[in-house]
Amino acid sequence: MRFWHKILLSVLALFIAALDVSVIMVMKKSWQLNMDSEMQRASSEQLLIANNIYENLNSIQARGTALTPILLASVSESYGDYYRKQGIYLQLWENDRMIYPPQKGQFGKSNLGKGDQPVSSDERSIQLSTQLPAPYQHLLLVYQRDISELFNKQQELNRFFVMINWIVGPVLLLLLYLLIRHLSKPLKLLSETSKTIAEGDYTKRVQLRSKDEFGELALNFNRMAEAVEQRVTELSDMAEEKQRMVDNLAHELRTPLTSMQGFAEFLTTANIGQEEQQTAGGYILSETLRLKNLAFKLLDLSVLRHQPLALQQVDISELFQAIQQTERPKLTDAGIRFHVQHTISNVWGDPDLLASLLVNLVENAIHASKQGSEIHMLAYELDGEAVLEIRDTGTGITAEMAKRVFEPFYRGDQARSREYGGAGLGLSLCRQIAEAHKARLSLNSVLGEGTSIRLFLQLYNNCPPTL
């Protein structure tokens, strides 16, 4: 059974039960009040009749007339005939003998109560009995009033209530159906949306603008869906990146391993001279070094993902001097002029990682530059931030290549990268070093004119970031 079915049946049953109980209680109270009113009226009329008979008897005795049973019956008859038209029946008893009416009526002395207590010989009448005041206490006046009309009205009211029940039930069922279907519509939307998301469409959202609890639930549901979509997208991107890394790594390993295998077979099977042996050994050594560099770069990338940084003040002069000493042999061999300039003295960062970043950028600039060109290493302040920049006048790259140049294993110029033993991990490592420093890394390049890569760090006089 659906949830809205349960609500419909439950509310309908509770409402009808509450309505029936309430109406029955009201009808019962109304009947009780009507009966009390009739009893009070009957008691008042009985007392009035008893007083009138008492006054008549006193008047008769005052004239010196004896009170015989015939005279008592005559007095009672005058009242009995008058009140009979109003549905009221009277009896007058003297001790155990009924004086009026001459024949037994609808009730007898056996049904009489004591004092003014009502005694009903049937369910549709009120019967009261009372003794006349002294000196006529031996006379008992019995009063009976017909209330059939009151019972008929009550039965008519009962039939009307049953008819109303048969009419109100279906109407209430229809109204509750429409109301509950409208109120449960948000649940249906949530169910359909969750089913769609479960089937893989994470862009689906609940379109509900109400401000009640359902609206709040829909808002939280949409937030959850957005978080799930974002997480799934991140996982998908990570899976694609990992797969791309595995594919690229397999591709990178295949070439040096194939070369090493070929030269190793050449050394072991061919009858070659010392010079050829040295050549083959040199190739094997260069490929071994390339594999070692690849392993170290992958290790660096792994460390940056899992190890937080402890930042400290880094002296720019010492940092640039270390880079110059490290890269001087390569710059000399390539015939490239190297210029260093800085207008700030310190930055916040990890000195080893910043040195690794600058070394990678300088070596990339060397590989992209021709003999006689220039490379600039700069440090300066820009809009409240410290900027470390490597600028060359080399070949440059296209805008399409610039979008992917920080991806692992991506190489814009395959031939030149293999010539220098590159694996396409240098700039990816630079990007992760920048992310570890909560810094920004930007690249500007024009094909045929050169490339500029800038790292935006906090200045030394700012508070160090908490990482």
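The expected span of a helix is 1.5 Å times one less than its number of residues. This rule opens the tour of a predicted model, and it will be applied at the second stop.

**The whole chain**

Begin with the entire chain in cartoon view. Its secondary structure comes to 11 helices and 11 strands. Of its 467 residues, 34% count as buried. Now consider contacts between residues at least 6 apart in sequence: 65% of them join residues at least 24 apart. With the surface switched on, the chain exposes about 28,300 Å², and carbon and sulfur atoms supply 55% of that area.

**Helix H7**

Next, select residues 316-334, which make up helix H7. How far apart are its end C-alpha atoms? They are 25 Å apart, which agrees with the 27 Å that 19 residues should span at 1.5 Å a residue. The helix is nevertheless kinked: select glutamate 327, where a kink of about 50 degrees lies shortly before proline 329.

Which residues of H7 are buried? Show the side chains of Ile316, Leu319, Phe320, Ile323, Glu327 and Leu331, which are buried. Glutamate 327 therefore deserves a second look, as it is both the site of the kink and a buried residue, under the 20% relative accessible area that the term requires. To see what covers the buried residues of H7, display its surroundings, including strand E5 (312-315), strand E6 (337-342) and helix H8 (351-368). Strand E7 (346-349), strand E8 (374-382) and strand E9 (385-392) also belong to this cover.

**Helix H3**

Move now to residues 148-183, helix H3. Two of its residues may be compared. Leucine 157 lies in this helix and counts as partly exposed because its relative accessibility is 35%. Glutamine 154 also has its place in H3, but it is buried, with a relative accessible area of 15%. Which residues does glutamine 154 contact, leaving aside its neighbours within four places in sequence? They are Met27 and Trp31, so select these two together with glutamine 154.

Leucine 157 also leads to a surface feature. Select it with Phe160, Met163, Ile167, Val171 and Leu175: these residues form a nonpolar patch on the surface, with about 550 Å² of accessible area together.

**Two cis peptide bonds**

Most residues other than glycine have a negative phi, and most peptide bonds are trans. The remaining stops depart from these tendencies.

Select tyrosine 100 and proline 101, which are joined by a cis peptide bond with omega about -5 degrees. Proline 101 is found in the loop between strand E2 (97-100) and strand E3 (125-131). Then select alanine 134 and proline 135, where the peptide bond is again cis, with omega near 10 degrees. Proline 135 lies in the loop between E3 and strand E4 (139-146).

**Two residues with positive phi**

Select aspartate 383, in the loop between E8 and E9. Although aspartate 383 is not a glycine, its phi is positive, at about 55 degrees. Is aspartate 383 buried or exposed? It is exposed, with a relative accessible area of 75%.

Finish at lysine 438, in the loop between helix H11 (426-436) and strand E10 (440-446). Lysine 438 likewise has a positive phi of about 55 degrees without being a glycine. At 62% relative accessibility, lysine 438 counts as exposed.

Technical notes. Residues are numbered from 1 along each chain as its sequence is written. This is a predicted model: local features need pLDDT of at least 70, side-chain atom pairs count only at pLDDT 80 or more; totals for chains, interfaces and linings use all residues. Side-chain values use heavy atoms; hydrogens and water are left out. Patches are made of residues with over 30% relative accessible area and no salt bridge: like charges are joined within 9 Å, nonpolar side chains (Val, Leu, Ile, Met, Phe, Trp, Tyr) within 5 Å. Accessible areas come from the Shrake-Rupley method with a 1.4 Å probe; for residues, only the protein chains shown count as cover. A salt bridge is a side-chain nitrogen of Lys or Arg within 4 Å of a carboxyl oxygen of Asp or Glu. Helices (H or I, at least four residues) and strands (E, at least two) are DSSP runs, numbered from the N terminus. Buried means under 20% relative accessible area, exposed over 50%, partly exposed in between (1.4 Å probe, protein chains only). The bend at a residue is the angle between axes fitted to the seven residues ending there and the seven starting there. Contact means heavy atoms within 4.5 Å.
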